[in-house]
Amino acid sequence: MSANTYLSSSNQEKKHPGIFITLEGPDGAGKTTQLRIISKELDAINCQHIITRDPGGTAAGKQIRRILLNSNFPLSTTAELLLYQADRAQNVSEIIRPALEKGLIVFCDRYIDSTIAYQGYGRGLCLKTIETLNKISTGGLKPSLTLLFDLDSEAGLSRLHPGNYDRLEREALDFHKKVRDGYLTLAKNEPERFCIIDASAPLTNVQSAFRKALNERLSINLPDV
Ligand SMILES: Nc1ncnc2c1ncn2[C@@H]1O[C@H](COP(=O)(O)OP(=O)(O)OP(=O)(O)O)[C@@H](O)[C@H]1O
Ligand SMILES: [Mg+2]
């Protein structure tokens, strides 16, 4: 059965004038840090954009994010998967799609590939089911560019404070290795959408690689600093 069978006609992917970019990669890879920096640089050249995050980009999503990342609440893997999708459905309809329809650049800190990497490759849930749920929650909205901040699992986790580890960060190293391998498989399968950035490099080198990818894709000219 095609995944579209699950979608109502009003929920089908529509064309939009905006540019949708997602940031993916293991915990501690530097996604959020890089987004903060690039946002200031885009503001400086009056390049209109918004930044959202998955999970937690909307008011409802913030509540969902608290449940998802707080390891004090037990969650079954299915409940976890569906909460991520509920958050995403709200973010797409409330924030992402309206901004794209206005012609804005939208950056989303994690998106569909996180669920495939973490819940699929990491937790071992059925990849086909996750793909179907991703299509339902997003109405088929895919990014035109996905930057994969690639980093060795140990190196990523070592950048974070163990005392603040969230539900996923607390998982064993083996889980994180499966997540990284999952991401690399996704990038290999869709090379036209993915751009892999070496996130193990010093901050300024990662920034340069991020800028270069955006300049090429967005046809803008962010100066290298
Ligand atoms: N290239 C880098 N080299 C060294 N440290 C870095 C680099 N990039 C980011 N960091 C540091 O690593 C930590 C994690 O960065 P950040 O929160 O941006 O990662 P993230 O990819 O958003 O992680 P998460 O998936 O957990 O949200 C921060 O303390 C940040 O300052
Ligand atoms: Mg982050």
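Here is a short chat about the pockets, one helix and the salt bridges of this predicted model.

Biologist: Which element gives the most to the lining of the largest pocket?

Modeller: That pocket has a volume of about 830 Å³ and is lined by 37 residues, with Gly28, Lys31, Thr32, Arg65 and Glu169 nearest its centre. Elements that each supply at least two lining residues include β2 (49–53), α2 (59–69), α4 (112–122) and α8 (203–218). The top contributor, with six residues, is α1.

Biologist: How do the residues of that lining divide into nonpolar, polar and charged?

Modeller: Gly counts as polar here, and Gly28 is among the residues nearest the centre of the largest pocket. The split for the lining comes out as 15 nonpolar, 11 polar and 11 charged.

Biologist: And the second largest pocket, which element has the largest share of its lining?

Modeller: Its volume is about 310 Å³. Of the 16 residues lining it, Ile112, Ile116, Glu131, Lys142 and Glu190 sit closest to the centre. Two or more residues come from each of α4, α5 (127–138) and α7 (173–189). The largest share, five residues, belongs to α5.

Biologist: Is α4 largely enclosed or open, and how many of its residues are buried?

Modeller: Buried means under 20% relative accessible area, and residues of α4 that pass include Ile112, Asp113 and Tyr118. Their cover includes β1 (19–24), α3 (77–101), β4 (145–150) and β5 (194–198). The helix is largely enclosed by the rest of the structure, because the number of its 11 residues that are buried is 10.

Biologist: Glu41 and Arg211 meet in a salt bridge; how many residues apart in sequence are the parts that this pair ties together?

Modeller: The N to O distance is 2.8 Å. Glu41 is buried at 16% relative accessible area, and Arg211 is buried too, at 3%. Since Glu41 lies in helix α1 and Arg211 in helix α8, the pair ties together parts whose separation in sequence is 170 residues.

Biologist: What about Glu216 and Lys212: how far apart along the helix are they?

Modeller: Their side chains meet in a salt bridge, 3.6 Å from N to O. Glu216 is exposed at 57% relative accessible area, and Lys212 is exposed at 54%. An α-helix has 3.6 residues a turn, so residues three or four places apart point the same way. Both lie in α8, and the spacing is four residues, about one turn of the helix.

Biologist: Which residues do salt bridges that share partners join into one network?

Modeller: The structure holds 13 salt bridges. Lys142 and Glu190 are also among the residues closest to the centre of the second largest pocket. The network's members are Asp113, Lys142, Glu190 and Arg193.

Notes:
Residues are numbered from 1 along each chain as its sequence is written. Chains are lettered from A and ligands numbered from 1 in the order in which they are written. This is a predicted model: local features need pLDDT of at least 70, side-chain atom pairs count only at pLDDT 80 or more; totals for chains, interfaces and linings use all residues. Side-chain values use heavy atoms; hydrogens and water are left out. On a 1 Å grid over the protein atoms alone, a cavity is a set of points where a 1.4 Å probe fits but cannot get out, and a pocket is an open set with protein on both sides within 12 Å along at least five of seven lines; lining residues have an atom within 4 Å of a point. Grid points are joined across faces, edges and corners, and a volume is the space filled by probe spheres set on the points. Buried means under 20% relative accessible area, exposed over 50%, partly exposed in between (1.4 Å probe, protein chains only). Contact means heavy atoms within 4.5 Å. A salt bridge is a side-chain nitrogen of Lys or Arg within 4 Å of a carboxyl oxygen of Asp or Glu.
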